[in-house]
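Thank you all for coming; I would like to walk you through one structure this morning, slowly and with the terms explained as we go. Please have a look at the sequence and the model before I begin.

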Amino acid sequence: MRTCNILSIAGSDPSGGAGIQADLKTFSALGGYGMSVVTALTAQSTVGVTAVQEVPAEFVTRQLDTLLTDAQVDAVKIGMLGSAGVVGAVVKALDSYAPPNVVVDPVMVAKSGDRLLAPEAIAAVRADLLPRADLVTPNLPEAAELLGENERRDLSSMREQAERLLELGAKRVLLKGGHLSGQSSTDLLVTPDGLTETFSAERIPTRNTHGTGCTLSSAIAALRPQRRSYSEAVRDAKDYLTEALRHADELDAGRGKGPVHHFHRWWGSEA
Ligand SMILES: Nc1ncnc2c1ncn2[C@@H]1O[C@H](COP(=O)(O)OP(=O)(O)O)[C@@H](O)[C@H]1O
Ligand SMILES: Cc1ncc(COP(=O)(O)O)c(N)n1
């Protein structure tokens, strides 16, 4: 079988912990061939984001058209989009090229607290992008923003919120519970057939969680073409992320919230 092409449409993080850089490392670690369309440049370290330079929407379209008229992709991970114009450019490309396995991580705010999506672009993500997603992977604050509700922090509210997110049009929702406290870190996968699956992992005691969301969504995109279902891809992606978190303290990438460690020797070669 040929190696799967996995495309990341996301912003650049020079610290290498999140964004395009994390996505490409994840794709490689999991046996995919990584491609990338850059939507924004950030000036960013483990401490925070000091500036954002958007890529003009027309140039995002140019990147997508140039790539997708040539290459066939097996999955797409969508991360930071920045503005409503860029959301529109990505939506147009999804309609034109209909790539399979579209995983949307609706990135809004970095771990450092800096905004990565203009507030006025949230409506475009909700109305135009979610209905084109095979899977959307919000964290708890993003779920609340998309639903226009207050943030909830317990499992039964998470279940209700995940079901309401499905009504916005995504085919599946993985609501991530990394922002909860407790001994385990639990995410919920909800599909339109009414099935809810719980994915729980040991909570790793580290402050080095920069890029966990980017890594999880990229791992799902890389694994979905290599697995039988989203359920299997999410299970293995979460294992990969948990191990990347377990090894995060081995890195020294700055003074702030450090990145997770993409290191495939410990993850095995099954993928
Ligand atoms: N300390 C941790 N130990 C284990 N898993 C974690 C930890 N923190 C986050 N996760 C997992 O990382 C993924 C991303 O989590 P979350 O923090 O909710 O999203 P985001 O990075 O988008 O804010 C989820 O699968 C979550 O369960
Ligand atoms: C370019 C870019 N994309 C996404 C994130 C979110 O990652 P995190 O929530 O871990 O800070 C980020 N910080 N930078």
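Which residues does Gly177 touch, not counting residues up to four places away in sequence? Gly177 touches Leu140, Met158, Ser185, Thr186 and Asp187, where contact means that the C-beta atoms of two residues, placed from the backbone, lie within 7 Å. Before going further I should say that this is a predicted model, in which local features need pLDDT of at least 70 and side-chain atom pairs count only at pLDDT 80 or more, while totals for chains, interfaces and linings use all residues. Residues are numbered from 1 along each chain as its sequence is written, and chains are lettered from A and ligands numbered from 1 in the order in which they are written.

Let me stay with Gly177, which lies in the loop between strand E7 (173–176) and E8; helices (H or I, at least four residues) and strands (E, at least two) are DSSP runs, numbered from the N terminus. Gly177 is buried, with 22 other C-beta atoms within 10 Å; the word buried asks for 20 or more other C-beta atoms within 10 Å of a residue's own, exposed for 12 or fewer, and partly exposed is in between, with the C-beta atoms placed from the backbone. Although Gly177 and Leu140 are 37 residues apart along the chain, their C-alpha atoms are separated by 6.6 Å.

Now to ligand 1, which is surrounded by 18 residues, the closest being Asn139, Lys176, Gly178, Ser185 and Gly213; a residue is near a molecule if its C-beta atom, placed from the backbone, lies within 6 Å of it. Two or more residues of this shell come from each of strand E8 (184–190), helix H7 (212–223) and helix H8 (230–246), and H8 gives the most, with four residues. By class, the shell around ligand 1 has five nonpolar, nine polar and four charged residues, where Ala, Val, Leu, Ile, Met, Phe, Trp, Tyr, Cys and Pro count as nonpolar, Asp, Glu, Lys and Arg as charged, and the others, Gly among them, as polar.

One of those closest residues, Gly213, is placed in helix H7 and counts as buried, with 24 C-beta neighbours inside 10 Å. Leaving aside its neighbours within four places in sequence, Gly213 is in contact with Asp105, Thr137, Asn139 and Lys176. For Gly213 and Asp105, the separation is 108 residues in sequence and 7.4 Å in space, C-alpha to C-alpha.

Ligand 2 has 19 residues around it, and Gly11, Ala18, Gly19, Ala110 and Lys111 are the closest. At least two residues of its shell are supplied by each of strand E1 (5–12), strand E2 (33–44) and H7, and the shell divides into seven nonpolar, ten polar and two charged residues.

What about the interior? The largest nonpolar core has 74 residues, and those with the most contacts inside it are Val76, Val90, Ala219, Ile220 and Ala237; such a core is a set of buried Ala, Val, Leu, Ile, Met, Phe, Trp, Tyr and Cys residues joined through C-beta atoms within 7 Å. H8 provides the largest share of this core, eight residues. Apart from residues up to four places away in sequence, Ala219 touches Thr26, Leu30, Ala237, Tyr240 and Leu241.

A smaller example of packing is helix H4 (residues 122–129), whose buried residues are Ala124, Val125 and Leu129. They sit on the same side of H4 because they cover an arc of only 100 degrees around the axis, the arc being that of the directions from the helix axis to the C-beta atoms. These buried residues pack against helix H3 (84–97) and strand E5 (102–104).

In the loop between H3 and E5 we find Ala98, and Asn101 has its place there too. Phi is near 40 degrees for Ala98, a positive value in a residue other than glycine, and near 55 degrees for Asn101, again a positive value in a residue other than glycine. Which of them is buried and which is exposed? Ala98 counts as exposed, with 10 C-beta neighbours inside 10 Å, whereas Asn101 is buried, with 22 other C-beta atoms within 10 Å.
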